[in-house]
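Student: I've got a model open and I'd like to quiz you on how its parts fit together. Can we go through it piece by piece?

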Amino acid sequence: MDKVASDLQQRVLALISRGVAQATTDEEFDRLARDVFAFQYERCAVYRAYCERRKQTPQSVTHWKEIPATPTSAFKDFALTCFPMEQAGVEFHTSGTTREQAGKHFFTTLELYHAVIGPNFAAHLQPDGVRLPMMILTPSPEEAPHSSLSHMMGV
């Protein structure tokens, strides 16, 4: 990961590490979200083309709510990455229920992915801090290595 990507990832991790108890201001989130948008716009040609067709660029977007969301179908037709594909270490697939072809989401690292799982699970499913026994009815990560849900439940 290059320095620009690493610095941006550290900023996102810093925000996540504050947890859900410390509110993020709209201004804080806006600055970070627009920086992430500019990074993705610069490094992902498919996403950039989509944004340009919508006339939404880092120069024209003035608030995070204006950032174009990527249609889920795009993940079925394109490898949407901000890094060379040979650097992908993890690949998650959609269930493919809406089309025969499954969508794919590629990662070089799962550091951000893992950073949000525990704190959000605890804040929203165990707000009183009580650890409840659970039975998870998903395949294990080993049985379904391309399932983000199985991976998340394994974590």
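**Rings, pockets and a few single residues**

Tutor: Sure. F37 lies in helix α2, and keep in mind that this is a predicted model.

Student: Good place to begin. Is F37 buried or exposed?

Tutor: The cut-off for buried is under 20% relative accessible area. F37 has a relative accessible area of 2%. That makes F37 buried.

Student: Which residues does F37 touch, leaving aside its neighbours within four places in sequence?

Tutor: F37 and A23 are 14 residues apart in sequence and 22 Å apart in space, C-alpha to C-alpha, and A23 isn't on the contact list. Leaving aside neighbours within four places in sequence, F37 is in contact with Y47, C51, Q56, T57, P58, V61, I67 and P68.

Student: Y47 turns up there. Which residues form one aromatic cluster with Y47?

Tutor: F37 and Y47 are in contact, and F37 is part of the cluster as well. The cluster's other member is Y41. So the partners of Y47 in the cluster are F37 and Y41.

Student: Let's move to helix α3, residues 45-53. Why do its buried residues line one face?

Tutor: The buried residues of α3 are Y47, Y50 and C51. An α-helix has 3.6 residues a turn, so residues three or four places apart point the same way. Seen down the axis of α3, the buried residues line one face because they fall within an arc of 95°.

Student: And what helix is included in what covers the buried residues of α3?

Tutor: F37 lies in α2, and F37 is in contact with Y47 and C51, among others. Y47 and C51 are among the buried residues of α3. The cover of those buried residues includes α2.

Student: What phi does K55 take?

Tutor: K55 comes just after α3. Its phi there is positive, about 60°.

Student: Back to rings. How many aromatic pairs does a search of the whole structure find, and what kind do F92 and F107 form?

Tutor: The search finds six aromatic pairs. The centres of F92 and F107 are 5.5 Å apart, with 70° between the planes. Planes over 60 degrees apart count as edge-to-face. The F92 and F107 pair is therefore edge-to-face.

Student: Which parts does that F92 and F107 pair tie together?

Tutor: The two residues are 15 apart in sequence, and both are buried. F92 lies in residues 90-93 and F107 in residues 104-107, so the pair ties together strand β1 and strand β2.

Student: What kind of pair do F92 and Y113 form?

Tutor: Their ring centres are 5.5 Å apart and the planes are at 40°. That angle is neither under 30 degrees nor over 60. So the pair is tilted.

Student: Which parts does the F92 and Y113 pair tie together?

Tutor: F92 is buried, and so is Y113. They are 21 residues apart in sequence. F92 lies in one part and Y113 in the other, so the pair ties together strand β1 and helix α5.

Student: Now the largest pocket. Which element gives the most to its lining?

Tutor: The largest pocket holds about 1500 Å³ of space and is lined by 43 residues. V12, V36, Q40, H105 and L112 lie nearest its centre. α1, α2, β2 and α5 each supply at least two lining residues. With eight residues, the element that gives the most is α2.

Student: How does the lining of the largest pocket divide by class?

Tutor: The classes to sort into are nonpolar, polar and charged. The lining divides into 29 nonpolar, twelve polar and two charged.

Student: And the second largest pocket: which element supplies the largest share of its lining?

Tutor: This pocket has a volume of about 210 Å³. Its lining has eight nonpolar, one polar and no charged residues. Both α5 and α6 supply at least two lining residues. The largest share, four residues, comes from α5.

Student: Last one: is C82 buried, partly exposed or exposed?

Tutor: C82 is found in the loop between α4 and β1, where it touches F39, Q40, R43 and C44, not counting residues up to four places away in sequence. Its relative accessible area is 22%, and buried would need under 20%. C82 is partly exposed.

Conventions:
Residues are numbered from 1 along each chain as its sequence is written. This is a predicted model: local features need pLDDT of at least 70, side-chain atom pairs count only at pLDDT 80 or more; totals for chains, interfaces and linings use all residues. Side-chain values use heavy atoms; hydrogens and water are left out. Rings of Phe, Tyr and Trp (its six-membered ring) pair if their centres lie within 6.5 Å; planes under 30 degrees apart count as stacked, over 60 as edge-to-face and the rest as tilted. Buried means under 20% relative accessible area, exposed over 50%, partly exposed in between (1.4 Å probe, protein chains only). On a 1 Å grid over the protein atoms alone, a cavity is a set of points where a 1.4 Å probe fits but cannot get out, and a pocket is an open set with protein on both sides within 12 Å along at least five of seven lines; lining residues have an atom within 4 Å of a point. Grid points are joined across faces, edges and corners, and a volume is the space filled by probe spheres set on the points. Ala, Val, Leu, Ile, Met, Phe, Trp, Tyr, Cys and Pro count as nonpolar, Asp, Glu, Lys and Arg as charged, and the others, Gly among them, as polar. The arc is that of the directions from the helix axis to the C-beta atoms. Contact means heavy atoms within 4.5 Å.
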